[in-house]
Amino acid sequence: MKKIPVFFGIFIIVSIIISIVYFNQDSQFEVSTFKKLEVYSFEEKIKFNKTVEIKAANDDFIERTYVKRGDFVHKGSILMNFESDEEEFLLSKARNEYAMAVLNSGSAIQDEKKKAIALAEKKLSNTKVISPVDGYIVGMKARENLFTEKGTTLFSLIEADSEMYLVYTQNDRNFIQRAEYLSLEIKPENIKMMINPDDIKEQQSDLLIKIPLKLEEINSANLDFLYGKVQISYHSDDLAWIPIEYLIDSTVRLADGTLITVEIIERKDDLILVSGLKSGEILTILR
């Protein structure tokens, strides 16, 4: 009768040892990746490489505008007028004072009055906004009877020979480098085209996609609102389904103890689709 408790005790000890060994073993899973055609897209406002900001030269009221958003203007065209009654009066006064100086004063006074005329003429000329280039009106903020302060942007001009481009990010660049196909849709024009690799530029710190269109091919009324949607088709070859228990907070552990952060794509029942692993890698979990 005394042998039974001894035997039972030995059995319990052996069971505990086996359990400890078993639960401290690593459960392993071999990764098998597959390829899948993916699409990544991004959308950015279209920019122009030659633009001119037109700003108010003085504090004054806008008397009249001759242009609207999207208009094409020629260099030297008058685009708008500010109120000019005071400036015209000052110019007339300066001319009268110069005439009196010619009759009654010496050359020093006459020179001073000439400078006053030049200053008054400059102030009067500043009441007219004249186009410095051939181009298209965008960003129109000015309107008649609006008071504007000196330095306020009235509108911008896109120069007629300006080129269009998109700026993309480093993250976009990672997908562009893997691209099988790149396409571009210009909104709201609904123009679609393939992107030529030669039009993808890296200029110092700028990442650009040049758009091979001329401004006259675009409805000028839409120049303020142009967006480009880029679609990148690429093959992802690091996708793998793994059991959910091998993943903790987007991290898996390899058999050698290395921790790898993966991107979670999809979950289906007890499986997780991830990217960032290689075929043949062994995943482990500690029981």
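Two strands pair if DSSP finds at least two bridges between them. Strand β5 (residues 60-65) and β10 meet that cut-off, pairing in the antiparallel sense over two bridges. The model is predicted. This briefing covers two open sheets, two pockets and a few individual residues.

**Sheet with β5 and β10**

- Four strands make up an open sheet in the order β8-β7-β5-β10, and their pairing is antiparallel.
- The edges are β8 (128-130) and β10 (147-148); each has a single partner strand, so one side of each lacks a neighbour in the sheet.
- Asp 60 has Thr 148 of β10 as its bridge partner.
- Thr 148 sits in strand β10.
- Thr 148 has a relative accessible area of 4%. Buried means under 20%, so Thr 148 counts as buried.
- Beyond its neighbours within four places in sequence, Thr 148 is in contact with Ala 56, Asn 58, Asp 59, Asp 60, Ile 62, Phe 82 and Leu 154.
- Asp 60 thus appears both as the bridge partner of Thr 148 and in the contact list of Thr 148.

**Sheet with β15 and β16**

- Another open sheet has four strands in the order β3-β12-β16-β15, with antiparallel pairing.
- Here β3 and β15 stand at the edges; each has a single partner strand, so one side of each is left without a neighbour in the sheet.
- Strands pair through backbone hydrogen bonds, in either the parallel or the antiparallel sense.
- Strand β12 (residues 164-167) pairs with β16 in the antiparallel sense over four bridges.
- The bridge partner of Tyr 165 in β16 is Lys 210.
- Strand β15 (residues 200-203) also pairs with β16 (residues 206-211) in the antiparallel sense, over four bridges.
- Ile 200 has Ile 209 of β16 as its bridge partner.
- The hairpin of β15 and β16 has two residues between the strands. In this hairpin, Gln 204 takes a positive phi near 55°.

**Largest pocket**

- The largest pocket has a volume of about 270 Å³.
- It is lined by 13 residues. Closest to its centre are Phe 175, Tyr 234, Glu 263, Ile 265 and Ser 275.
- Elements giving two or more residues to this lining are β2 (34-45), β17 (227-243) and β20 (263-268).
- β17 gives the most to the lining of the largest pocket, with four residues.
- By class, the lining of the largest pocket holds six nonpolar, three polar and four charged residues.

**Second largest pocket**

- The volume of the second largest pocket is about 190 Å³.
- Its lining consists of Lys 45, Ile 46, Lys 47, Phe 48, Thr 51, Val 138, Ser 156, Ile 158, Leu 223 and Asp 224.
- Two or more lining residues come from each of β3 (47-48) and β11 (153-159).
- The lining of the second largest pocket divides into five nonpolar, two polar and three charged residues.
- β3 therefore has two roles: an edge strand of its sheet, and a contributor to the lining of the second largest pocket.

**Loop residue Asp 161**

- Asp 161 is in the loop between β11 and β12.
- The side chains of Asp 161 and Lys 50 are joined by a polar contact of 3.0 Å.
- Asp 161 and Gly 135 are 26 residues apart in sequence; C-alpha to C-alpha, they are 8.0 Å apart in space.

**Loop residue Ala 221**

- Ala 221 is in the loop between β16 and β17.
- The relative accessible area of Ala 221 is 38%. Partly exposed lies between the 20% and 50% limits, so Ala 221 is partly exposed.
- Leaving out neighbours within four places in sequence, Ala 221 is in contact with Arg 69 and Gly 70.
- Ala 221 and Ile 264 are 43 residues apart along the chain, and their C-alpha atoms are separated by 43 Å.

**Helix residue Gln 110**

- Gln 110 lies in helix α3 (residues 107-125).
- A polar atom of the Gln 110 side chain lies 3.0 Å from the backbone oxygen of Ser 105.
- Apart from neighbours within four places in sequence, Gln 110 is in contact with Tyr 98, Ala 101, Val 102 and Ser 105.

Note on methods:
Residues numbered from 1 in each chain as written. Predicted model: local features only at pLDDT ≥ 70, side-chain atom pairs only at ≥ 80, totals over all residues. Heavy atoms only, no water. Polar contact = N/O pair within 3.5 Å; in protein donor to acceptor, adjacent residues only side chain to side chain. Contact = heavy atoms within 4.5 Å. 1 Å grid on protein atoms, 1.4 Å probe; cavity = no way out; pocket = protein on both sides within 12 Å on 5 of 7 lines; lining within 4 Å. Points joined across faces, edges and corners; volume = space filled by probe spheres on them. Nonpolar A, V, L, I, M, F, W, Y, C, P; charged D, E, K, R; others polar. Buried < 20%, exposed > 50% of the residue type's maximum accessible area, 1.4 Å probe, protein only.
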